[in-house]
Each structure stands twice: as C-alpha cells, then as structure tokens.
Amino acid sequence: MARILLVDDEPMMLDLLQLFLEPHGFDCLKAESGEEALKMAEQVDLHLVILDLMMPHMDGWAVCREMRRRSADLPILMLTAMGETADIVKGLETGADDYMAKPFEEDELVARVRALLRRAGRQDVLETEGLVWERDRFRLKFHGTNIRLTPKEFELLGLLMREPGRVFDRETLLGHVWGWDTETEGRTVDSHIRNLREKIRCSGFPIDRHLLTVRGVGYKWDAR
C-alpha cells in the first residue's frame, strides 16, 4: 500500500484529501505545517507527498526544497489555490513533480497520484556499473551472476542505491529497514553492511569503491 503524506495548514483540506484517497487504497498521513511534514518524512518511509503551497512560517516552496535535498526520488505533488503560470514554474523548478490548483476533482487527483507512483516505481530496478538490483524479483546480479542476500541486506542495499551520495546514519537505516519502533542496535547495521560487502566482493564487483563508510556517521552509495 502506497503511503502518502498530506501537508496543509487547513485541517478540513487534509480531511478532504484523505476522504478522496483512502478509498482507492492509499495510506494517508497528515501534517499541518512544513516543520511537522519534514519531521514525519524523516521518521516514515513515504511513497509520495501532496504539499500545499501557502502555509505560514514555512511555505510549500521551502518544504519542497528541503525534501528534494534529502531525497531525489520522492514524488511531490503541489496542491494550491494559486494557479498563475509563474507559481507553477517556480514550484516545478523548486523540485515538485506535478502541480494541481484548487479546487480539484477527486478523479483527477487520484489519476495524478497514480501516475506519479508509476513513474517512481521505475526505481525498483537500480544499476551501478553492471550491478543490478531488482526489487520485484528480489534479485541482485552482477554481469549475469546472481548474488544471494538476506532480505535485510537486500533492503539496505536498495535504500542506499536509490539515493546515491546521501549519507544515511545508522538510526535512519534501522528505521527504514527494521522499523522505527525497533530495539535493534546500530551495530546490527554494521554487521549487515560487512556481510553485504563480502558477498558482493566475491562476485567481482568493486563494492569498496561504491559502498562507503562515512566515519562517525554511517554509510553512503557512490554511483560514480
């Protein structure tokens, strides 16, 4: 089930969005400010964000800019009463993937959400220098050779490959892969990363050039 974060300072609008989306199988979370939205985005694995533009304290442009800094792939749909071309261009240049003006129809909203999720779904196949990660087939291969991983190792690698260059601390990796309420300790991540490197190294892929340790912080994937 796709998890969507709804961000608007008007509770009635949040309720309306939830009313439109949940019957179509989407799991909706709600945030009434930009600050709350950014905090939730750190704590929950999201598939899409629907973001209001005109909010006090931190507007939608600022929220979008920060979300895009953290993730290059998270789909963002801007939803606002402003329909001027300049505002649409600014929203898209800030990093939004699509733009809808209020008032809106349920059918169009759902169609746009589904289109964005389909587009994002292409990231279920990731590749670096011949190393191919395929979510749907639960398969990792290098030049045709399958590399056997545990489910946790597979999810860890996919998370890192999906956002190359981003440094993930151990707590964030634990939250995304083991769950945010886990009591598992950070050294579990270290042991899984160590096993990942060993298994992938045996295939001939130069893993030490791509799966990097950021001392004192965590890990990142270098796709270059």
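This passage walks through the strands and helices of a predicted model, taking in pairing, burial and packing.

A good place to begin is strand β3, residues 48-52, where five of the five residues are buried. The cover extends to both faces of β3: L48, I50 and D52 lie on one side, V49 and L51 lie on the other, and all of them are buried. Strand β1 (residues 3-7) is paired with β3 in the parallel sense through four bridges, and within this pairing L6 stands opposite I50. β3 also pairs with strand β4 (residues 76-80), again in the parallel sense and over four bridges. Here L51 of β3 has M78 of β4 as its bridge partner. To get from β3 to β4 the chain passes through helix α3 (residues 60-70), and the resulting β-α-β crossover is right-handed.

Helix α1, which spans residues 11-21, is home to D15. With a relative accessible area of 42%, D15 is partly exposed, because the buried class ends at 20% and the exposed class starts over 50%. D15 and K30 are separated by 15 residues in sequence, and their C-alpha atoms lie 8.6 Å apart in space.

Further along the chain, strands β7, β8 and β9 offer a pleasant run of hairpins to follow. Strand β7 (residues 131-134) and β8 pair in the antiparallel sense over four bridges, with L131 bridged to F142 of β8. Four residues sit between the two strands in this hairpin, and F138 takes a positive phi near 45°. The next hairpin, of β8 and β9, has two residues between its strands, and there H143 takes a positive phi near 50°. Strand β9 (residues 145-146) is antiparallel to β8, and two bridges make up the pairing; F142 stands opposite T145 of β9.

What do the side chains along β8 (residues 139-142) do? In a regular strand, side chains alternate between the two faces of the sheet. The side chains of β8 do alternate: L140 and F142 point to one face and are buried, whereas R139 and K141 point to the other and are not. F142 thus joins several parts of this description, as the partner of L131 in β7, as the residue opposite T145 in β9, and as one of the buried side chains of β8.

Another sheet, open and made of three strands, has the order β10-β12-β11 with antiparallel pairing. β10 (168-169) and β11 (211-214) are its edge strands; each has a single partner strand, so one side of each is left without a neighbour in the sheet. β11 runs antiparallel to strand β12 (residues 218-221), and four bridges join the two. Among the facing residues, T213 stands opposite Y219 in β12. Helix α6 (residues 151-162) lies across β10, β11 and β12, and runs at about 65° to β12.

The last packing to describe is that of helix α7 (residues 170-178) against helix α8 (residues 186-201). Their axes are 9 Å apart and meet at an angle of about 80°, and α7 and α8 are therefore roughly perpendicular to each other. On the α7 side the contact involves R170, L173, L174 and W178, which meet G186, T188, V189, D190 and H192 of α8. Sorted by class, the residues of this contact are four nonpolar, three polar and two charged.

Methods. Residues are numbered from 1 along each chain as its sequence is written. This is a predicted model: local features need pLDDT of at least 70, side-chain atom pairs count only at pLDDT 80 or more; totals for chains, interfaces and linings use all residues. Side-chain values use heavy atoms; hydrogens and water are left out. Axes are lines fitted to C-alpha atoms, for helices over the stretch in contact, and angles run from 0 to 180 degrees between N-to-C directions. Angles under 35 degrees count as roughly parallel, over 145 as roughly antiparallel, 65 to 115 as roughly perpendicular and the rest as oblique. Contact means heavy atoms within 4.5 Å. Ala, Val, Leu, Ile, Met, Phe, Trp, Tyr, Cys and Pro count as nonpolar, Asp, Glu, Lys and Arg as charged, and the others, Gly among them, as polar. Buried means under 20% relative accessible area, exposed over 50%, partly exposed in between (1.4 Å probe, protein chains only). Two strands pair if DSSP finds at least two bridges between them. A crossover is right-handed if, with the strands pointing away from the viewer, the path from the first strand over the helix to the second runs clockwise.
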